[in-house]
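Student: I would like to take a close look at a single part of this model, followed by whatever else can be said about its layout and its enclosed space. Please go through it in one connected account.

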Amino acid sequence: MTKAKISREDALAFHLEPTPGKFEITATVPMNTQRDLSLAYSPGVAVPCEEIHANPETAYDYTNKGNLVAVISNGTAVLGLGNLGALASKPVMEGKSVLFKRFADVNSIDIELDTEDPEKIIEAVKLMGPTFGGINLEDIKAPECFIIEQRLKEEMDIPVFHDDQHGTAVICAAGLINALHISGKKIEDCRIVLNGAGAAGIACLELLKSMGATHDNCIMCDTKGVIYQGRTEGMNQWKSAHAARTGLRTLAEALEGADVFLGVSVKGAVTQAMVKSMAPNAVIFAMANPDPEITPEEVHEVREDVIVATGRSDYPNQVNNVLGFPYLFRGALDIHARAINDEMKIACAQALAKLAREDVPDEVAVAYGKALTFGRDYIIPTPFDPRLIYVIPPAVAQAGMETGAARRPIVDMDAYEQTLKSRMDPTANILRGIHARARNAQARMIFAEGDDPRVLRAAVMYQRSGLGEAIVVGRETDVMEKLAAAGLGDAFEELTIVNAAKTEHLTRYKEFLYDRLQRRGMDQQDIHRLAARDRHVFAALMLAHGHGDALITGATRKSAHVMELINHVFDADAEHGAVGTTAILHKGRIVLIADTLVHEWPNEHDLADIAERSAEVARDLGLEPRVAFVSFSTFGYPDSERAEKMHLAPTVLEKRGVDFEYEGEMTVDVALNARSRENYPFSRLTGNANILVVPARHSASISVKLMQEMAGATVIGPILSGVDKPIQLCSTGATVSDILNMAVLAACKVK
């Protein structure tokens, strides 16, 4: 996987738009009427207050405490940037909060404390205890982080977890379980060398020792060499606990004959000579970020038998904390845990290791562009494996119950697993999947409207995200000026700029276009104007002649007009089967609406065509299609001539023998709500519809825009299908992200 290049401008824009920051607070109860306000606040709120006062445990029932975690930092060790202070750490802590929500549906608030005094931090966090179900400490420098965490664990009755320590340790342990399984070694017999005696390194060694690694077989090193018994320089009580009785003094000496190397230190700390000196079938976890102690390429140049993991996503076996902390807290919160103990961390590591040994779901393989099979290059699950949410938390919860950490044990684990599955957000997985497929396609993407700053920014993002080559249609000077104005002047050399007036292919393009249009009232002058001066037509001609793999356009002109122009080059109209399908993403649900682009007033046969094309789009998005032909009537009532075609369309599909579910005609609530369908037990739909085929283009447009404006839904599309080449159209109001998403969809269709 290509490492994405992210500019400062990209990062700042991401945090600025559409509103500053990365999350907001939304109400989970209605707040519309006087009665709502009376229940939410005074006088109704007094009742749960009295209940909680009488029985504090009911706070988990009547407040959000049971699904709320505080992400707390003082900014003294922000990423690899050092002591930036509390305020500058806020973007990282906000990021941690949204990761909690994205991966495990845990609500989280970031809190930045402006002090370096451990006692003040301890006191502040303790005082906030009643608010939260758990505390995640982050980016606090050693040794203060040890003091703060230990005291809080002793004095608070909710889980306190320093992810910089234990998150890395848990994922490292999971990977090591499998690496040793492949190597045929037992942890109690292994010589383990760790380089980097900070918070993460010490936690890694402590967890491995609790899993069976012996003290005498473990060597810890720091910048001054081996930590041995009797050493006084650069020591503290946490390092001293791991001091070895040994004559070894350097990392190089320690690695001779070692079975395992764990690195949480700095780039280049390990040499190829050190690798050569290690034991047969050695394991190297070079986890320094952003650059490992030694790269997998460097290791494999001198040793083929070594299993390598890093902290980077562009190498196999990424040791990524996001595999741990969201699911640890999910399991802990769901049993109202008093703490996250070693047994719960070990259960998390063992569950992760076991998951990596199981067959990988197709959607994960598709997303990563290759079959993932347990072995030397796949010892840890990928962060986007959909099974994590319902495999890891139950293991953590079970360990918490068995060790007495649970206030409220889970009685039915099978039912709990089903509850966890319902927390999954399919829209995030769908978007991730299409981005991964696009990255594998490496399509040459033609961006037709190089005079629009939004399009240029999207083109730069496409190129720098490693998705493929961005080809921009425009004048060089104009593109350069607009990129510079957007703070992306350095991107000019990265993009491929094509000027229609200067291309060597123009004569060939005009001949092709004249052959298509000479009997449609077009003369040579008309053809020249279209080919040389209209960027939409020119970009389509580039695509038709293989001078790009896919096309994205439409951001500057109405979709209907752009479709007419593209139809000069390709057969992109209703007669030839073109269809526009729009994806609506809202509150974890995705519904496709068709036709939003091509057919103005389709008949029953057109509607059947639309259903088939939309089913193809659904499958491209990883959905199993379930089509509903929607109207104002359900199965003939009320009877209306205008609903007749919606009633006939399913019959057309039945005669065609299609391989997806369909039903109709029906109202939208019957299509999308299982309870509404209880009155129609004969319905062929086995679940809620995810494709709504509507009577006309105007009703499709109204539906999409209503959801977008009133419900705040994310809209992707219209997604154009039924055209010979991958072409996608943006709307004139598209944001940079919208344009990029449409480009990604186009890239997914490149073969």
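Tutor: In this predicted model, Pro30 sits in the loop between α1 (8-16) and α2 (34-40). Pro30 has a relative accessible area of 51%, and it is therefore classed as exposed, since that class begins over 50%. Along the sequence Pro30 and Ala40 are 10 residues apart, while in space their C-alpha atoms lie 8.9 Å from each other.

Turning from this loop to the chain as a whole, the protein is divided into domain 1 (17-28 + 64-158), domain 2 (179-315), domain 3 (323-423), domain 4 (438-568) and domain 5 (579-719). Between the centres of domain 1 and domain 5, taken over C-alpha atoms, there is a separation of 45 Å.

As for enclosed space, rolling a probe the size of a water molecule over the atoms shows where empty space is left. A search of the whole structure finds 1 cavity of 30 Å³ or more, and the largest cavity holds about 40 Å³ of space. Its lining is formed by Ile430, Leu431, Ile434, Ala583, Leu585, Ile590, Leu621, Ile716 and Leu745, which divide into 9 nonpolar residues, with no polar and no charged ones. Two elements, α19 (426-441) and β15 (579-586), each supply at least two residues of this lining, and α19 gives the most, with 3 residues.

Notes
Residues numbered from 1 in each chain as written. Predicted model: local features only at pLDDT ≥ 70, side-chain atom pairs only at ≥ 80, totals over all residues. Heavy atoms only, no water. Domains from an automatic or database assignment. Helix = DSSP H or I, 4+ residues; strand = E, 2+ residues; numbered from the N terminus. Buried < 20%, exposed > 50% of the residue type's maximum accessible area, 1.4 Å probe, protein only. 1 Å grid on protein atoms, 1.4 Å probe; cavity = no way out; pocket = protein on both sides within 12 Å on 5 of 7 lines; lining within 4 Å. Points joined across faces, edges and corners; volume = space filled by probe spheres on them. Nonpolar A, V, L, I, M, F, W, Y, C, P; charged D, E, K, R; others polar.
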